[in-house]
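Welcome, and thanks for taking a look at this one with me. Please have the sequence and the 3D view open side by side as you read.

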Amino acid sequence: MSVTTLSSPALVHRQPSWLVRLFDYKPFLIVMCLAPAIGLLTVFLTYPLGLGIWLAFTDTTIGRKGVFVGFENFQYLLTDSLWWNAVFYSMVYTGIATFGKFALGFWLALLLNNHFPFKSLLRAIILMPWIVPTVLSALAFWWIYDPQFSIISYLLVDVLHWRTTNIDFLGSPWPARFSLIAANIWRGIPFVAISLLAGLQTISPSLYEAAMLDGASAWQRFRYITFPMMMPILAIVMTFSIIFTFTDFQLVYAITRGGPGNSTHLLATLAFQRGIAGGELGEGAAIAVSMIPFLVFATLFSYFGLARRKWQQGESND
């Protein structure tokens, strides 16, 4: 007697549809997941950057479409004393402010890495200068540097009687320059300190314990353990700090607007003054584009500095 087996329709294996197979295809999923981010970067980053570079090679002004003029804008900048002054102060501003932020920020990170009461609360409070809006902190410094109502002048003149006249912080070039650098250091210390503190947390305490058993001093522990172990995070934080400082705009514009006598212009503020306030979009774009070689050099300097340090460490280990 033969037995015939009937297959149930529910048990019949069906091929997945083309849509299911498409979403199971990993390259397609990667493209789909990256498409929104790529679209946002294209619209809000790539297009403005490309447009700015194009405008730098034209004579465009506000209200008039320009024509391609090649390197004419850049040739003019090389003869412009204000541009050279902005380049000089941008480098001085970046160099001194970055050194100050890293010296004080590293010292603060080492202090915060210790155990003491209310450590978490103090770490949160130290972040305040970084999270406060830049314009708000700039207005506070603008009041601190005011020639008539400055709290510093009040302490020196009326309380301590060390001076007979108020200090004019923003009335002459070099005091105004150093005043802006001090404000930038105050604002940037929390970013450096918290970033380096995160790196310090990754260093194993057993390394310090072994060094102390070998009789290493505090300076030797810092030189041979802390600093080498912190080199990767130092290079990254320094790169970001240089970029943020060199391209600073809000702090300088809110406090001095490039004065007195255009002595405190950075390249970013000078580009805004020429391109937006002055209406010369092509020239302003050329000033902004001229910042790119400096930023690329700073990035490569930090990268090769880290690579050289790693190479030296590898040789010493061998």
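Here are some numbered notes to guide a first visit.

1. A word on the source before anything else: this is a predicted model. Please keep that in mind for each of the points below.

2. A good place to begin is helix H9, which covers residues 173-200. Trp174 belongs to this helix. With a relative accessible area of 38%, Trp174 is partly exposed, because that value falls between the 20% and 50% cut-offs. If you would like a distance to try in your viewer, take Trp174 and Ser137: they are 37 residues apart along the chain, and their C-alpha atoms are separated by 21 Å.

3. Next, the partners of H9. Two packed helices are described by the angle between their axes and the distance between the axes. For helix H4 (residues 81-112) and H9, the angle is about 40° and the axes are 6 Å apart. That angle makes H4 oblique to H9, and the crossing of the two is right-handed. In their contact you will find 24 nonpolar, 5 polar and 2 charged residues.

4. Helix H7 (residues 134-144) also meets H9: their axes cross at roughly 135° and come within 11 Å. H7 and H9 are therefore oblique to each other, and the crossing of H7 with H9 is right-handed.

5. Now please turn to the largest pocket. Its volume is about 530 Å³, and 18 residues line it. Which of these residues lie nearest its centre? They are Pro48, Gly52, Gly284, Ala285 and Ala288.

6. Which helices each supply at least two residues of the lining of this pocket? They are helix H2 (26-56), helix H13 (267-277) and helix H14 (281-289). H2 gives the most, with 7 residues. By class, the lining of the largest pocket has 15 nonpolar residues and 3 polar ones, with no charged residue.

7. H13 deserves another look for its buried residues. Leu267, Ala268, Thr269, Leu270, Ala271, Arg274 and Gly275 are buried in this helix. Arg274 may catch your eye in that list, as one of the buried residues of H13. Just after H13 comes Gly279, which takes a positive phi of about 85°.

8. The loop between helix H12 (250-255) and H13 holds two backbone details, and some background helps here. Most residues other than glycine have a negative phi, and most peptide bonds are trans. Pro260 is found in this loop, and the peptide bond that leads to Pro260 from Gly259 is cis, with omega near -5°. Asn262 lies in the loop between H12 and H13 too. Although Asn262 is not a glycine, its phi is positive, at about 60°. The relative accessibility of Asn262 is 25%, so this residue counts as partly exposed.

9. A last stop is His161, in the loop between helix H8 (151-159) and H9. Is His161 buried or exposed? Its relative accessibility is 61%, so His161 counts as exposed. The backbone of His161 is worth a check as well: phi is near 60°, a positive value in a residue other than glycine.

How values were computed. Residues numbered from 1 in each chain as written. Predicted model: local features only at pLDDT ≥ 70, side-chain atom pairs only at ≥ 80, totals over all residues. Heavy atoms only, no water. Helix = DSSP H or I, 4+ residues; strand = E, 2+ residues; numbered from the N terminus. Buried < 20%, exposed > 50% of the residue type's maximum accessible area, 1.4 Å probe, protein only. 1 Å grid on protein atoms, 1.4 Å probe; cavity = no way out; pocket = protein on both sides within 12 Å on 5 of 7 lines; lining within 4 Å. Points joined across faces, edges and corners; volume = space filled by probe spheres on them. Nonpolar A, V, L, I, M, F, W, Y, C, P; charged D, E, K, R; others polar. Axes fitted to C-alpha atoms, helices over the stretch in contact; angles between N-to-C directions. Parallel < 35°, antiparallel > 145°, perpendicular 65-115°, else oblique. Left-handed = near helix turned anticlockwise from the far one by under 90°.
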